[in-house]
Amino acid sequence: MALFLAAFFVLTQAVAGQAQDNRPVSFADLADRVSPAVVNITTSTMVSTNMDGQPGMPGSPFEEFFKDFQNQGPQRSSALGSGFVISPDGYIVTNNHVIEGADEIQIEFFPGGEDPLEAVLIGTDPNTDIALLKVEATDLHYVSFGDSDAARVGDWVMAVGNPLGQGFSVSAGIVSARNRELSGTYDDYIQTDAAINRGNSGGPLFNMDGDVVGVNTAILSPNGGSIGIGFSMASNVVTKVVDQLQEFGETRRGWLGVRIQDVSPDMVDAIDGLQSVAGALVTSVPEGPAMEAGVEAGDVILTFDGREVADTRELVRIVADSPVGAEVVMNVLRDGENVELTVVLGRREEAQGAIPASAENPKGAPSTGEVLGLMLSAVNEDAIAQFDLDPQTEGLVIVGVDPMSDAAENGLQVGDVITEAGQMAVSSVAEFEDRVAAAKDEGRKSLLILVNRDNMARFLALSLVE
């Protein structure tokens, strides 16, 4: 009797549309509801087919034929991808790499049967691999974005698209991981085991409410096919990009104008007033909004616009999401004290590549010495020539590293230049030794140094424990 009642309970749950453990019995209703808004995208591009320098058939009676074939001139090439409609008047979201370089973009709607519509490109954002298209149409089926931050690891999701050019296809899985970072500055990917293959790029990843929580973008695979590791750009990133592309035809991200690095655990003891591994450590401040606001190298940015900064990745995103020209309050830790600064943000797209090199400073007197496993020399003309340094370089150049030292474990190399120790500029070995002694007198276990390599500055914490 008990067995019969248990079976009856499972049956009644299935009839209601849910399994006993809340798994959906079928994704059919969801697929029916969202499929009219998912599109196939075909792009066409003119490419050169001149194959000069490629292996041919020399001496063969077909040699002249191959020469003629190889020099036919430009030919048209096609590619396939996916996308989805986000408004009844024809705005369509896809990946930038789906339409990049295309001369023509054709949109085919599910279930097909009608002539494809030609799409125009509204704008792209290579940083997040998002593109916005537009077709001339009205009363289209469309889908809405959901809150990707609400998607939890283990939640069901459904991917829809055009894998391998086979036409409309649905796959289902779960959210495998959140906040994945692949290669971009603004990456925030949802990882899923829902099957994603070539051609799925640009298609939507739906939650069980039918809202788009991601744009299917990439897979991790040794063979080019799905092995259950797919990545979708989170909707909360995509919506900001789409809004800007729709309004301006381009992105307009906020720009602070600092070089930064994460705070490591061994830096906590070396930085006055720092209580935990948090914030973004400023390594240099070129001309720009941050310099005008009074930000200095060695500052640790703790909050920005009222939001706590966990690391550099979070700071970059907060700044990028802030309006260009906005006046923002930020708190920094400087010499053990909390300093409040107000910065007027610039525009990142206008500032790309506009970061200058170091400022002019006089050279210190030549001197050499060994400290903390480092053989150091003040920067002079010989050092500038030997290590191909910028003529304006100031500090101590590393001419030798003890392979058994903490300095070696931290990756310091011959030719690196130490410009600060204990958050104070150093230009002689004596000054460096003074910083070491002062840190030891204060009971510190490590000394924070600023290292310049190839015009890129980075803080490191050297152990003082012998």
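# A chat about helix H7, strand S25 and the salt bridges

Visitor: Thr-312, buried or exposed?
Guide: In this predicted model, Thr-312 is buried, because its relative accessible area is 15% and the cut-off for buried is under 20%.

Visitor: Which helix is that residue in?
Guide: Thr-312 belongs to helix H7, which covers residues 312–321.

Visitor: And what does Thr-312 touch, leaving out residues up to four places away in sequence?
Guide: Thr-312 touches Ile-260, Gln-261, Asp-262, Gly-279 and Ala-280. With one of these, Asp-262, there is also a polar contact between the side chains, at 2.8 Å.

Visitor: How many residues of H7 are buried?
Guide: H7 is mostly covered, with 7 of its 10 residues buried; the buried ones are Thr-312, Leu-315, Val-316, Arg-317, Ile-318, Val-319 and Ala-320.

Visitor: What covers them?
Guide: The cover over the buried residues of H7 includes five strands by name, namely S14 (254–255), S15 (259–262), S16 (280–284), S17 (300–304) and S18 (307–308).

Visitor: Changing topic to strand S25, which strands does it pair with?
Guide: S25, residues 417–421, is joined to strand S24 (residues 396–401) by 2 bridges, and the two run antiparallel. Strand S27 (residues 446–453) is joined to S25 by 4 bridges, again antiparallel, and strand S26 (residues 424–425) pairs with S25 in the antiparallel sense over 2 bridges.

Visitor: Which residues are partners there?
Guide: Towards S24, Leu-396 has Ile-418 of S25 as its bridge partner. Towards S27, Glu-420 is partnered by Leu-450, while Ala-421 stands opposite Met-424 in S26.

Visitor: What happens in the hairpin of S25 and S26?
Guide: That hairpin has 2 residues between the strands, and Gly-422 takes a positive phi near 60°.

Visitor: How covered is S25 itself?
Guide: S25 is mostly covered, since 4 of its 5 residues are buried.

Visitor: On to charges, how many salt bridges are there?
Guide: The count comes to 14 salt bridges. One of them joins the side chains of Asp-125 and Arg-253, with an N to O distance of 2.6 Å. Asp-125 lies in strand S6 (residues 120–125) and Arg-253 in the loop between helix H5 (235–248) and S14, so this pair ties together parts that are 128 residues apart in sequence.

Visitor: Are those two buried or exposed?
Guide: Both partners count as buried: Asp-125 has a relative accessibility of 1%, and Arg-253 has a relative accessible area of 6%.

Visitor: What about Glu-250, which residue does it form a salt bridge with?
Guide: Glu-250 forms a salt bridge with Arg-252, and the closest N and O atoms are 3.4 Å apart. Here the partners are partly exposed, Glu-250 at 31% relative accessibility and Arg-252 at 33%.

Visitor: Which residues are joined into one network with them?
Guide: Salt bridges that share partners join Asp-125, Glu-250, Arg-252, Arg-253, Arg-347, Glu-349 and Glu-350 into one network.

Visitor: And Asp-149, what is its partner?
Guide: Asp-149 forms a salt bridge with Arg-178, the closest N and O atoms being 3.5 Å apart. This pair links distant parts of the chain, with Asp-149 in the loop between strand S7 (130–134) and strand S8 (156–161) and Arg-178 in strand S9 (residues 169–180), 29 residues apart. Arg-178 counts as buried, because its relative accessible area is 19%.

Visitor: Which residues form a nonpolar patch on the surface?
Guide: Phe-110, Phe-168 and Val-170 form such a patch, with about 210 Å² of accessible area together. Phe-110 is found in the loop between strand S4 (104–109) and strand S5 (117–118), and this phenylalanine is partly exposed at a relative accessible area of 32%.

Visitor: Last one, how many helices and strands are in the protein chain?
Guide: The protein chain has 11 helices and 28 strands, and 46% of its 466 residues count as buried. Among contacts between residues at least 6 apart in sequence, 61% join residues at least 24 apart. The chain exposes about 23,600 Å², of which carbon and sulfur atoms supply 49%.

Methods
Residues are numbered from 1 along each chain as its sequence is written. This is a predicted model: local features need pLDDT of at least 70, side-chain atom pairs count only at pLDDT 80 or more; totals for chains, interfaces and linings use all residues. Side-chain values use heavy atoms; hydrogens and water are left out. Buried means under 20% relative accessible area, exposed over 50%, partly exposed in between (1.4 Å probe, protein chains only). A polar contact is a pair of N or O atoms within 3.5 Å; within protein, one must be able to donate a hydrogen and the other to accept it, and residues adjacent in sequence count only if both atoms are side-chain atoms. Contact means heavy atoms within 4.5 Å. Two strands pair if DSSP finds at least two bridges between them. Patches are made of residues with over 30% relative accessible area and no salt bridge: like charges are joined within 9 Å, nonpolar side chains (Val, Leu, Ile, Met, Phe, Trp, Tyr) within 5 Å. Accessible areas come from the Shrake-Rupley method with a 1.4 Å probe; for residues, only the protein chains shown count as cover. A salt bridge is a side-chain nitrogen of Lys or Arg within 4 Å of a carboxyl oxygen of Asp or Glu.
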